[in-house]
Amino acid sequence: MVVEAEEQQSQAVGKDDENEIVTENSAFVHPEPPQGDTGPPKVESPVEILHEKVSKQIIKEGHGQKPSKYSTCFLHYKAWTESTGHKFEDTRHEQRPLEMILGKEKKEMTGLAIGVSSMKSGERALLHVGWELGYGEEGSFSFPNVPPKADILYEVELIGFDETKEGKTRGDMTVEERIGAADRRKMDGNALFKEEKLEEAMQQYEMAIAYMGDDFMFQLFGKYRDMALAVKNPCHLNTAACLIKLKRFEEAIGQCSIVLTEDENNMKALFRRGKARAELGQTDAAKEDFLKARKFSPGDKAIVRELRLLAEHEKAIYQKQREIYKGIFGPRPEPKPQTNNQLIHLLVLFWQWLVSFFKRERAKDD
């Protein structure tokens, strides 16, 4: 396999996925970092009444369509009891989005589902849910721990959703169905990448990865694990390619490192991580990645080019440091030429020494 230069990445990302596959309608956005854990956010936007017991305030606008009944929605949320401000749940701590099929949600999530059904992909909102559509009159004394008759505040981010007629969750899918769904998301992402729609491409790759979480991968062995990795790893690598173009280098390094935990000799992962590290000025680490990648493809022009650029960069830094040190300590002083007076003084001293020497020798002879 040959690592492509950056200007050829748009072709490389999708070159193995040219067979047309009919895709489902979908919407998805790349999750954003969570807000601080100081309590529910203060929101100034207008209050929208969704139900007698559910209201919403938009924190960040979304895009596209809203999910319909039986859509499979992926979301992150934090939940607080309104009266005490106690946070009892945060899906981001587990780094796993909640999967909810609208119309098939748990009873205690009825109010949350009403709010989600009003949101667009990428939207973040604050929901107020009355206890009647939450954990009810008795509350919950296990996990999560919610007092009786507790009104709830949710900070919700709708990551994305799939419009599926069956309303089938990932857990109800066979291994082949989950890998197939992920592969369709990957191919959609590749098409968007070629159109330079990088954010939208990453949305599709994120959806694909969501179908193959750690709990799912842990159960796979042999050919099924190989099949899953053949879809999952390219999604991480293609996401890294998008992030490099968007100059989000730290995130790109993270995506490549995930692949390298499964395949430490993956050349694309080494190359793209090296590029991201080089952009951040981590020249030693970048050089290590490029040199390791070169072992598997010694003649690869892109790797040779990156190593040459690193060498030129290091040389430029060395020259700049020399100039800085020269400015600090100044030029080396030139030796001053000796004057005639100094020469005469030295001759006088030599003559005095010579006279005293002969006197000492004559004293010894006497």
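1. Let's start with Arg273, which is a buried residue in this predicted model. Its relative accessible area comes out at 14%, and the cut-off for calling a residue buried is under 20%. Arg273 sits in helix α8, residues 267-279. Leaving aside residues up to four places away in sequence, Arg273 touches Ile253, Cys256, Ser257, Leu260 and Asp289. If you go through the side chains one by one, this arginine deserves a look.

2. The same part of the chain carries a label from a database. According to UniProt, in an unreviewed entry, residues 267-300 are annotated as "repeat: TPR". What does the model show over residues 267-300 in terms of helix and strand? The chain there is 79% helix and 0% strand. The C-alpha atoms at the two ends of that stretch lie 11 Å apart.

3. On to a helix pair earlier in the chain: α3 (residues 175-194) and α4 (residues 198-210). Their axes come within 8 Å and cross at roughly 170 degrees. An angle over 145 degrees counts as roughly antiparallel, so that is the label for α3 and α4. On the α3 side, the residues in contact are Arg178, Ala182, Arg185, Lys186, Asp188, Gly189, Asn190, Leu192 and Phe193. On the α4 side they are Leu198, Glu200, Ala201, Gln204, Tyr205, Met207, Ala208 and Ala210. Sorted by class, this contact has nine nonpolar, three polar and five charged residues.

4. Now the strands, with β4 (72-81) to begin. How many of the residues of β4 are buried? The count is 10 of 10, so to speak a mostly covered strand. Thr72, Phe74, His76, Lys78 and Trp80 point one way, while Cys73, Leu75, Tyr77, Ala79 and Thr81 point the other way. Both sets are buried, and that includes Lys78.

5. Which strands does β4 pair with? One is β8, joined to β4 by 10 bridges in an antiparallel arrangement. In that pairing, Thr81 has Ile152 of β8 as its bridge partner. Another is β6, which pairs with β4 in the antiparallel sense over four bridges, and here Thr72 stands opposite Ile101. Then there is β5 (residues 87-90), antiparallel to β4 over three bridges. In β5, Asp90 is the bridge partner of Lys78. The hairpin of β4 and β5 has five residues between the strands, and Gly85 takes a positive phi near 75 degrees in it.

6. β7 is a similar topic. Five of its six residues are buried, so β7 is largely enclosed by the rest of the structure. β7 runs antiparallel to β3, with six bridges joining them, and His128 in β7 stands opposite Ser55. β7 also pairs with β8 in the antiparallel sense over six bridges. There, Ala125 has Val156 of β8 as its bridge partner.

7. Helix α2 (residues 110-117) ties in with these strands. Its buried residues are Gly111, Leu112, Ala113, Gly115 and Val116. Against what do the buried residues of α2 pack? The list is β2 (48-51), β3 (54-60), β4 (72-81), β6 (98-101), β7 (124-129) and β8 (152-162). It is worth having α2 on screen together with β4 and β7 when you go through the points above.

8. Last, some backbone details to check. Most residues other than glycine have a negative phi, and most peptide bonds are trans. Tyr70 has a phi near 75 degrees, a positive value in a residue other than glycine. Tyr70 lies in the loop between β3 and β4 and, at 32% relative accessibility, counts as partly exposed. Lys247 has a positive phi too, about 65 degrees, and is not a glycine either. Lys247 belongs to the loop between α6 (222-245) and α7 (249-262). Is Lys247 buried or exposed? With a relative accessibility of 63%, Lys247 counts as exposed. Finally, the peptide bond joining Phe143 and Pro144 is cis, with omega at about -5 degrees. Pro144 is in the loop between β7 and β8.

Definitions and conventions:
Residues numbered from 1 in each chain as written. Predicted model: local features only at pLDDT ≥ 70, side-chain atom pairs only at ≥ 80, totals over all residues. Heavy atoms only, no water. Axes fitted to C-alpha atoms, helices over the stretch in contact; angles between N-to-C directions. Parallel < 35°, antiparallel > 145°, perpendicular 65-115°, else oblique. Contact = heavy atoms within 4.5 Å. Nonpolar A, V, L, I, M, F, W, Y, C, P; charged D, E, K, R; others polar. UniProt positions renumbered as here; feature names shortened; annotations may be inferred. Buried < 20%, exposed > 50% of the residue type's maximum accessible area, 1.4 Å probe, protein only. Pairing = 2+ DSSP bridges.
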